[in-house]
Amino acid sequence: MADNNNIKVENSKIPAEDIKNPELCEAILKMQEDGSKENIDHMIDEVIKAKFILPAIVKTIPRARTNNGQTVMENSTQVQFRLLENNNNEKFFGIFTDTDEMYKWNGTEKANKVVTDFDSISQMVMDPNSDVKGFVINAFGKSVVFPKPMVISIKQQKDFLKSEQNTLKPDSPIQIGEPKEYPIDLMAALINHFSTEPLVNAAYLRMLEQEGKQSLFVVVDFTGNLEQTFAAISEVAKPYLDDEIQLSMMPYSMEFAKNAVKGIDPFYKKDSNL
């Protein structure tokens with residue numbers, strides 16, 4: 001185990017003692033008994049809906065600041081999270097479905113109980129300044145490990161499905177193909193932009209058509225925040241778009257996106273000359 005990982009977390013007003021998660025615990029057991037895709041997907045759906053308990057140490061630290069030329073002392077709150085560590089010295093957050101599961105971790109009886117959820121814990125795992133490799137649910141019981149790549153994939157899919165970029169209509173046929181004309185200026189601008197974004201790994205270009213409307217379809221393989229990443233791409237692309245040329249985007253983590261670019265070389269790839 002490792003201690004003292006200082007990362008901000010959004011805390012809930014729900015008392016930790018009220019956190020139970022019977023549906024999630026049942027889904028975990030069912031998935032462990034039968035690891036079918038249906039059971040795995042159901043378990044992930046329950047994880048996304050759940051509230052968890054994260055043991056922490058909350059400290060009040062005095063600090064000095066200057067106000068109108070005078071030194072003023074004030075208190076700030078520091079939250080330190082205890083971490084799990086595997087045999088490869090990789091660190092993971094330990095989160096729990098209820099207090100009984102948390103108390104199985106020695107030394108947590110007097111710990112502060114931070115109530116958190118998937119969105120908050122995934123943001124901490126994805127923090128570029130963090131060396132945490134994921135999180136573990138109920139590490140000392142019927143445990144499930146969520147490695148960082150899996151956390152990123154689930155978070156991106158969740159965010160995309162509720163984002164403004166999700167303009168596809170599931171009940172309408174979609175055609176994917178090559179652009180009739182390669183938008184050289186737009187691609188050059190995007191390549192230049194991606195080269196300054198260390199969290200973007202690759203990008204692919206296709207043409208998407210639905211309900212008679214066509215748009216350039218950019219699939220992005222990245223590890224950052226979806227809203228910020230796509231907003232930056234939209235800003236770069238704006239001068240090259242008009243009523244006839246529109247842009248659609250999707251994270252590579254989506255199954256639809258992976259199928260759309262299967263066998264296609266990326267127009268941008270980190271650390272390459274593409």
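**Figure 1. Lysine 30, a partly exposed residue of helix 1.** In this predicted model, lysine 30 has a relative accessibility of 48%, so it counts as partly exposed. Its place is in helix 1. For a sense of scale, take the C-alpha atoms of lysine 30 and leucine 161: they are separated by 26 Å, with the two positions 131 residues apart along the chain. Lysine 30 also turns up in the next view, as one of the helix 1 residues that touch helix 2.

**Figure 2. Helix 1 packed against helix 2.** Here the partner of helix 1 is helix 2, which covers residues 37-49. The two axes are 9 Å apart and the packing angle is about 155°. An angle over 145° counts as roughly antiparallel, and that is therefore how helix 1 and helix 2 run relative to each other. Their crossing is left-handed. On the helix 1 side, the contact is made by Glu23, Leu24, Ala27, Ile28, Lys30 and Met31. Helix 2 answers with Asn39, Ile40, His42, Met43, Glu46 and Val47.

**Figure 3. Helix 4, largely enclosed.** Zoom in on residues 118-126 and you have helix 4. Seven of its nine residues are buried, so the rest of the structure largely encloses this helix. The buried ones are Phe118, Ser120, Ile121, Ser122, Met124, Val125 and Met126.

**Figure 4. Helix 4 crossing helix 5.** Same helix 4, now with a neighbour: the axes of helix 4 and helix 5 come within 10 Å and cross at roughly 130°. That makes the pair oblique, and the crossing is left-handed. Helix 4 brings Phe118, Asp119, Ser122, Gln123, Val125 and Met126 to the contact. From helix 5 come Lys148, Val151, Ile152, Ile154, Lys155 and Lys158. Phe118, Ser122, Val125 and Met126 are also on the list of buried helix 4 residues.

**Figure 5. A salt-bridge network with Lys155 and Asp159.** Helix 5 spans residues 148-161. Within it, the side chains of aspartate 159 and lysine 155 meet in a salt bridge, at 3.3 Å from N to O. Why does the spacing suit a pairing along one helix? An α-helix has 3.6 residues a turn, so residues three or four places apart point the same way. Aspartate 159 and lysine 155 are four residues apart, which puts about one helical turn between them. Both residues of this pair are buried. The pair isn't on its own, either: Asp119, Lys155, Lys158 and Asp159 are linked in a network of salt bridges. Asp119, Lys155 and Lys158 also take part in the contact between helix 4 and helix 5.

**Figure 6. Glutamate 17 and lysine 113, a long-range salt bridge.** The count for this model comes to eleven salt bridges. One of them joins glutamate 17 to lysine 113, with the closest N and O atoms 3.8 Å apart. Glutamate 17 sits in the loop between strand 1 (2-5) and helix 1 (22-33), while lysine 113 belongs to strand 5 (residues 112-117), so the pair ties together parts that are 96 residues apart in sequence. Glutamate 17 is partly exposed, at a relative accessible area of 44%. Lysine 113 is partly exposed too, at 24%.

**Figure 7. Glutamate 101 and lysine 104, a buried acid with a partly exposed base.** The side chains of glutamate 101 and lysine 104 form a salt bridge, at 3.1 Å from N to O. Glutamate 101 has a relative accessible area of 14% and is buried. Lysine 104 comes in at 41% and counts as partly exposed.

**Figure 8. Glutamine 210, buried in strand 9.** Strand 9 takes in residues 200-210, and glutamine 210 lies in it. Its relative accessibility is 9%, so glutamine 210 counts as buried. The side chain of glutamine 210 reaches the backbone oxygen of serine 172 at 3.0 Å. Setting aside neighbours within four places in sequence, glutamine 210 is in contact with Thr167, Leu168, Lys169, Ser172, Pro173 and Ile174.

**Figure 9. Zooming back out to the chain.** The close-ups come from a chain with eight helices and twelve strands. Of its 274 residues, 42% count as buried. Its C-alpha atoms fill a box of roughly 65 × 65 × 35 Å along the principal axes. Among contacts between residues at least 6 apart in sequence, 69% join residues at least 24 apart.

Technical notes
Residues numbered from 1 in each chain as written. Predicted model: local features only at pLDDT ≥ 70, side-chain atom pairs only at ≥ 80, totals over all residues. Heavy atoms only, no water. Buried < 20%, exposed > 50% of the residue type's maximum accessible area, 1.4 Å probe, protein only. Helix = DSSP H or I, 4+ residues; strand = E, 2+ residues; numbered from the N terminus. Polar contact = N/O pair within 3.5 Å; in protein donor to acceptor, adjacent residues only side chain to side chain. Contact = heavy atoms within 4.5 Å. Salt bridge = Lys/Arg side-chain N within 4 Å of Asp/Glu carboxyl O. Axes fitted to C-alpha atoms, helices over the stretch in contact; angles between N-to-C directions. Parallel < 35°, antiparallel > 145°, perpendicular 65-115°, else oblique. Left-handed = near helix turned anticlockwise from the far one by under 90°.
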